[in-house]
Amino acid sequence: MRKVSALLLGSERRAISGLAGLYASRMLGLFMVLPVLALYADTLEGSTPLLVGVALGIYGLTQATLQIPFGLLSDRIGRKRVIALGLVIFALGSMVAALSDTMVGIIAGRALQGGGAVAAAIMALLADQTREEVRTAAMAIIGLSIGVSFAIAMVLGPWLAVWAGLSGVFWFTALLTLVGLLVLWRWVPAAPRRRRHRDVSMDRQQFKSVIMRPDLWRLDVSIFSLHLVLMAIFVAVPFRLLGAGVPIEYHGLAYLGIMALSFVAMVPLIIVAEKKQRMRLMCLLAIGAIVISLAGLGLPFFAGDWLFVWLFVFFTGFNLLEATLPSMLSKLAPAGAKGTAMGVYSTSQFLGAFLGGTLGGLLAHFGGLNAVFIGCAGLALCWWVAMWWMPSPPPLSSEIVALDDSHVGTLDLLMEHLADVVGVEDVMLVPEERLVYLKVNRQQLDRATLTRLMSPPQS
């Protein structure tokens, strides 16, 4: 097994920073409208609570529909071309929304934004640009950038809307996307030869086996439910802040304090989940916190300052799940199937966002603001019950090892030997990629034996 430096190369640093920035700026544009659209909807012709909810979540429908086709297209015509196409579509959607004075126009613009479904292509290009031994860290940086962009969006959206109106939020998003095009072509290094990366890309042959696994299915349900309730409640949360005496111009400051405190509270819980192997417990705790906070937000006798307490509890649970669910998926996905599992997981997330916005609009339209929170609390309680029987994920990690020429004639024997190594739980050998995908328990792994098996014979 080759020994190579895990330090990032210059080209890898440029690729990771550029692509993380692209991913984050795109998510920033999608989420900035979340805390402001309901407040400014009365300036739009044809606005109703139902259509506000549809506008919030419609991007999820087009995103879920197109992300896998865009990823497959990037295998054929090139990653950068597909990413550039998606960014142009996203910018056009932002412009359509910025120029619209009707709710139908906003919905059309948001749908176009979601049509720029380049998440899979960005992850594939990142895999093209990084070596196997640093790829996990690169993916973690992308994940961190998404969380940071959500927090920034919650703060920046209200401030931009006060300064430039709802259209200004969309114009800023369009400008940010155009800057992203420059970053893509001028900063991100030229793409090398395209390869399939099973740790980030969808493999259609593995699709059925992935969606039929109950442990992975529960994670898909979890991310679906998490983004469903997130989109649904933002039909009502901005009005709750107004009712608590927070002027629109201070909503960004309120979200800043809530998000900062929730991140601080989340950190020790993540440490417990990862270091103490308490992921199932932390997952149930987070869902329970969401149930309680939504119920509190919907009950009329919890008013005034309780609003900030319940929002803090909600976002602590939300951020904890956003961090732990992908980690659980990585542990549970079979060797060589993490990309396929993540594709199904992401599609579930976007469908949840779409249905959540629509559900929130329906509940607000027919039952008022309290109905939004109580209805979502009921759904979250059903989610908690469904997750009660989830087993704790084993402490497994993914590893990718390159095949040497000396292994070509003894692949069957090699696979048998690898399966017998202490700490190796699953093996997938892919000769055409010259790679072996492993799931290992690093606390028990016999690294010396694994290294010996994968090393070329000494001449």
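## Working through a predicted fold

Glutamine 277 counts as partly exposed, because its relative accessibility is 31% (partly exposed lies between buried, under 20% relative accessible area, and exposed, over 50%, with a 1.4 Å probe and protein chains only). This is a predicted model, where local features need pLDDT of at least 70, side-chain atom pairs count only at pLDDT 80 or more, and totals for chains, interfaces and linings use all residues. Residues are numbered from 1 along each chain as its sequence is written, and side-chain values use heavy atoms, leaving out hydrogens and water.

**Exercise 1.** Find where glutamine 277 lies and check the sign of its phi.

*Solution.* Start with the place: glutamine 277 is in the loop that links helix H11 (251-275) to helix H12 (279-298) (helices are DSSP runs of H or I, at least four residues, and strands are runs of E, at least two, numbered from the N terminus). Next, look at the backbone: phi of glutamine 277 is near 55°, so the value is positive although the residue isn't glycine. Most residues other than glycine have a negative phi.

**Exercise 2.** Decide whether glutamine 349 is buried or exposed, then list its contacts.

*Solution.* First, find glutamine 349 in helix H14 (residues 338-367). Then check the area: glutamine 349 is buried, because its relative accessible area is 14%. Finally, skip its neighbours within four places in sequence, and you get contacts (heavy atoms within 4.5 Å) with Ile223 and His227.

**Exercise 3.** Explore the largest nonpolar core and what surrounds Leu294.

*Solution.* Begin with the count: the largest nonpolar core (buried Ala, Val, Leu, Ile, Met, Phe, Trp, Tyr and Cys joined through side-chain atoms within 4.5 Å) holds 125 residues. Phe234, Leu294 and Phe315 have the most contacts inside it. Helix H7 (residues 132-186) is the top contributor to this core, giving 14 residues. Now zoom in on leucine 294: not counting residues up to four places away in sequence, its contacts include Phe314, Phe373 and Cys376. A second, separate core has 16 residues, among them Leu403 and Val424.

**Exercise 4.** Trace how strand E2 is covered and how it joins E3.

*Solution.* Take the cover first: five of the seven residues in E2 (residues 424-430) are buried. Then follow the pairing (at least two DSSP bridges between the strands): six bridges link E2 with E3 (residues 435-440), and the two run antiparallel. One of the partnerships puts aspartate 426 opposite lysine 439 in E3. Last, look at the hairpin: four residues sit between the strands, and arginine 434 has a positive phi near 55°.
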